[in-house]
Amino acid sequence: MVVASELLEHLPASPDPLAELARCLEPEGVLIVDPPDYGPPWWRLLKRLYDRVQPSAVPDRHVSPYSLATLREHLERRGFEMLEHRPICGAEVTVNTRKR
């Protein structure tokens, strides 16, 4: 099992971090990720609020924004099957997958 909590959005898409996570897992291995879900409009509103509350934070520290749909595409391309996903306050999503 690999848990990549609050990680994927901080890594550049190339080289593909999901390919490395897939390499680390045996078939049927479980991968749990929980990036922000950039699909719903409230994530952009929440980000604006966060940027105002913490103006000294590094701008655009999320170099690889995922929506649930794009995350699913990337995971399936790397041989993962999405078992379940749970939204967190409409801004993040926890995704439980299994390597095929």
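Student: Which residues are linked in a network of salt bridges?

Tutor: Glu 28, Glu 81 and Arg 98 are linked in that network. The model is a predicted one, in which local features need pLDDT of at least 70 and side-chain atom pairs count only at pLDDT 80 or more, while totals for chains, interfaces and linings use all residues. Residues are numbered from 1 along each chain as its sequence is written, and side-chain values use heavy atoms, with hydrogens and water left out.

Student: What makes Glu 28 and Arg 98 a salt bridge?

Tutor: The term requires a side-chain nitrogen of Lys or Arg within 4 Å of a carboxyl oxygen of Asp or Glu. For Glu 28 and Arg 98 the closest N and O atoms are 3.3 Å apart, so the pair satisfies that rule. Glu 28 sits in the loop between α1 (17-24) and β2 (30-33), whereas Arg 98 belongs to strand β4 (residues 92-99), so the bridge ties together parts that are 70 residues apart in sequence. Helices (H or I, at least four residues) and strands (E, at least two) are DSSP runs, numbered from the N terminus.

Student: How do you know that Glu 81 and Arg 98 form a salt bridge?

Tutor: Their side chains meet at 3.4 Å, N to O, so this pair also falls within the 4 Å limit. Glu 81 lies in strand β3 (residues 80-88) and Arg 98 in strand β4, 17 residues apart, so that the pair links distant parts of the chain.

Student: Why is Glu 28 called exposed, and why is Arg 98 called partly exposed?

Tutor: Buried means under 20% relative accessible area, exposed over 50%, and partly exposed in between, with a 1.4 Å probe and protein chains only. Glu 28 has 52% relative accessibility and therefore counts as exposed, whereas Arg 98, at 27%, is partly exposed. Glu 81, with a relative accessible area of 32%, is therefore partly exposed.

Student: What makes Glu 84 and Arg 86 a salt bridge, and how is each classed by accessibility?

Tutor: The closest N and O atoms of Glu 84 and Arg 86 are 3.4 Å apart, so the distance rule is met. Glu 84 is partly exposed at 33%, while Arg 86 is exposed at 52%. By this rule the count comes to five salt bridges.

Student: Why does the radius of gyration of the protein agree with that of a compact globule?

Tutor: The radius is taken over C-alpha atoms, and the globule rule is 2.2 Å times the number of residues to the power 0.38. With 100 residues that rule gives a value near 13 Å, and the protein has 14 Å, which agrees.
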